[in-house]
Amino acid sequence: MKSIIRLIQKQFNPMELKPIKTIEDYNQALKRLEIIFDAEQNTAEGNELEILGILIEKYEETNCPIELPDPIEAIKFRMDQLNYSQKELGEIIGKNRASEILNRKRKLSISMIRKIAEKLHISSDVLIQQYE
């Protein structure tokens, strides 16, 4: 296995580290990252891996932002993860309100957002977004 890795590494010389400005640069960086992914720390490849990871992360933050999920869908997803029922959500925010919130007939209040964020561990940044 190590001989195969060395052969691959010989085919792909260490990448010249530079800012990632184009999609081509980004794809090249991802290919190189895949090759050196298991590099040991404090080696030339380990250092390259660390720097390359930072450059890729910066490019993705700028060019591939991940939008926050819909607040109601986030609540439903988290309830599913925790195996919570609508009744259990009702114990957190109020019995009738849980149904109204999940069916989008009522908007989340600040008080509800605080309670849901605390009990379900959903970021308030997700919960305070506008939704239909």
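pLDDT is the predictor's confidence in each residue, on a scale from 0 to 100. I am working from a predicted model, in which local features need a pLDDT of at least 70 and side-chain atom pairs count only at 80 or more, while totals for chains, interfaces and linings use all residues. Residues are numbered from 1 along each chain as its sequence is written, and side-chain values use heavy atoms, with hydrogens and water left out.

Confidence. I looked up the chain average, which is a pLDDT of 88, with 89% of the residues scoring at least 70. Among the elements (helices being DSSP runs of H or I of at least four residues, strands runs of E of at least two, numbered from the N terminus), helix α1 (residues 2-11) has the lowest mean pLDDT, 47, and helix α4 (residues 71-82) the highest, 97. Where pLDDT is low, the predicted coordinates should not be read in detail.

Backbone. I noted that Arg104, although not a glycine, has a positive phi of about 60 degrees, and that Arg104 lies in the loop between α6 (95-102) and α7 (110-120). Arg104 counts as partly exposed because its relative accessibility is 30% (buried is under 20% relative accessible area, exposed over 50%, partly exposed in between, with a 1.4 Å probe and protein chains only).

Core. I then turned to the largest nonpolar core (a set of buried Ala, Val, Leu, Ile, Met, Phe, Trp, Tyr and Cys residues joined through side-chain atoms within 4.5 Å), where Ile75 and Leu89 are among those of the 19 residues that touch the most other members. The elements giving two or more residues to this core are α4, α5 (86-93), α6, α7 and α8.
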